Amino acid sequence: MKPDMVLMARLREATLQLMKDGPLAATASIREALAQHNPDSVQDTSRSVATPEMKDLNAAPAWTGSSAAAGPEAEEAPMASAVQGLKAMAAAGLPDIAALVAQHGITLPKSVAEAAAGRRRAPLRAPPLPDGARYVALSYEGPAGQRNYKLYIPSTCTGQPAALLVMLHGCTQDADDFAAGTRMNRLAEEAACLVVWPEQSQQANSSRCWNWFSAADQQRGKGEPALIVGIVRQVMANHPVDSARICIAGLSAGGAMAAVVGALYPEVFHAVGVHSGLPFGAAHDLPSALQSMRTGASGTHRHGSGPKVIVMHGDRDATVHPANGQHIVAAAAASHSGSAPVSQTGKAPGGRRYTRSRYQDGNGQVIAEHWVLHGAGHAWAGGSADGTYTDCAGPDASRAMLQFFGLLPRREGSS
């Protein structure tokens, strides 16, 4: 099927809008272009809520494919800008743009489809490990499928049962990228905890997003939650782990999946960290995922007491609406009969201001913490520029999470 050049022109316009107004506005334009291409198959919900006038402070990385074409692929040249827009949208954290295009009957030439799915960038240069530390590549296979993962074993682990932290990357990322950006392995030396980094496969999602929005991946004992818990149990079988100190955290799609896994397996996870993510049950398919990302969703409240939760979210996030963070915290507080929050403001060394609200249960124990990062976009706060989607100006989200999990002490005078 030869590309529809009118459609490609519309997608190119959406790309320009992406650069000007951010991913949310571009999403509406792309959906409108798809609807005009195949109006019977698209229900346009993009106009139901006005798109906020905001820019993503962490623009998606540029597509690295060449726009020059020759020989049999010459017809692809006019599509380069459109594909760049699709790739940028996927990199910005949308669930699966390639699937959205395929859903509406658009066939891309092979090399363009590969580019839209996301080409791996050059491998990161791994920092030197401390003497005695190990960072190993492993794999898990179970009834729900197979996933690769990395495991960091700090030099400070002495053979006694250690805490275990599961870190779920965002779209287009992998274990090494996420580890570099969050610097969590470095803090694991201080906390003497194991860190496991599951990796989403490109076969499961072309943008390497965890499928938090899929109904099949929001069930206990099935899909990606079962795979992630299977990885945890494999690590526990091979290393001394303190089962009372297992925590899970993630960014964007990874944060949303962390919320899903924590809700489905409250007996496994002591605490959950969600950075720029969405609540459990916020969506059941791709269209509802896009809507929840645009407007926020309350999700599905679980009966009974679940893990305690820390949420960090930029109030200028143009990819995942900040209201999602409030919904996550509200659900956690409700499940514990939490009190009204106590809030305080602060300023990170990098200059980012924030408001932190703490919720306590009837015994005075902190069961939820909500950080609103003022002026921040869709990125890990206080992260390193060595990884993607990091906000170096923000408070140190990695340290804040480990302190909330009880794996690091709070410094005197610190937030």
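Buried means under 20% relative accessible area, exposed over 50%, and partly exposed in between, with a 1.4 Å probe and protein chains only. This is a predicted model, where local features need pLDDT of at least 70, side-chain atom pairs count only at pLDDT 80 or more, and totals for chains, interfaces and linings use all residues. Residues are numbered from 1 along each chain as its sequence is written, and side-chain values use heavy atoms, with hydrogens and water left out.

**Exercise 1. Place Y389 and describe its backbone.**

Step 1. Find the segment. Helices (H or I, at least four residues) and strands (E, at least two) are DSSP runs, numbered from the N terminus. Y389 sits in the loop between strand 11 (380–381) and strand 12 (390–391).

Step 2. Read the backbone angle. Y389 is not a glycine, yet its phi is positive, near 55°.

Step 3. Classify the accessibility. Y389 has a relative accessible area of 10%, so it is buried.

**Exercise 2. Do the same for S276.**

Step 1. S276 lies in the loop between strand 6 (271–275) and helix 10 (286–295).

Step 2. Its phi is positive too, about 60°, and S276 is not a glycine.

Step 3. S276 counts as buried because its relative accessible area is 0%.

**Exercise 3. List the contacts of D391.**

Step 1. D391 belongs to strand 12.

Step 2. Its relative accessible area is 9%, so D391 is buried.

Step 3. Contact means heavy atoms within 4.5 Å. Set aside the neighbours within four places in sequence. D391 then touches R352, A376, A379, W380, A381, G382 and G383.

**Exercise 4. Find how far T319 is from A379, in sequence and in space.**

Step 1. Locate T319. It is in the loop between strand 7 (308–314) and helix 11 (323–335).

Step 2. Check its accessibility. T319 is buried because its relative accessible area is 1%.

Step 3. Compare the two separations. T319 and A379 are 60 residues apart in sequence. From C-alpha to C-alpha they are 10.0 Å apart in space.

**Exercise 5. Sort the cysteines C171, C209, C193 and C247.**

Step 1. Apply the criterion. A disulfide is a pair of cysteine sulfur atoms within 2.5 Å. The structure holds one disulfide.

Step 2. Name the pair. C171 is joined to C209, with 2.0 Å from S to S. The angle about the S-S bond is 125°, and the link is right-handed.

Step 3. See what the pair connects. C171 is in the loop between strand 3 (162–168) and helix 6 (175–182). C209 is in the loop between strand 4 (194–198) and helix 8 (223–238). The two are 38 residues apart, so the link ties distant parts of the chain. Both C171 and C209 are buried.

Step 4. Take C193. It is in no disulfide, and the nearest cysteine sulfur, that of C157, is 7.3 Å away. C193 is buried, at 1% relative accessibility.

Step 5. Take C247. It is in no disulfide either, and the nearest cysteine sulfur, that of C193, is 8.5 Å away. C247 is buried, with a relative accessible area of 0%.

**Exercise 6. Describe the nonpolar cores.**

Step 1. Define the set. A nonpolar core is made of buried Ala, Val, Leu, Ile, Met, Phe, Trp, Tyr and Cys residues joined through side-chain atoms within 4.5 Å.

Step 2. Take the largest core. It has 57 residues, and W212, I248 and F269 touch the most other members. Helix 9 (residues 253–264) gives the largest share, nine residues.

Step 3. Take the second core. It is separate, has 36 residues and includes M184, C247, M312 and Y354.
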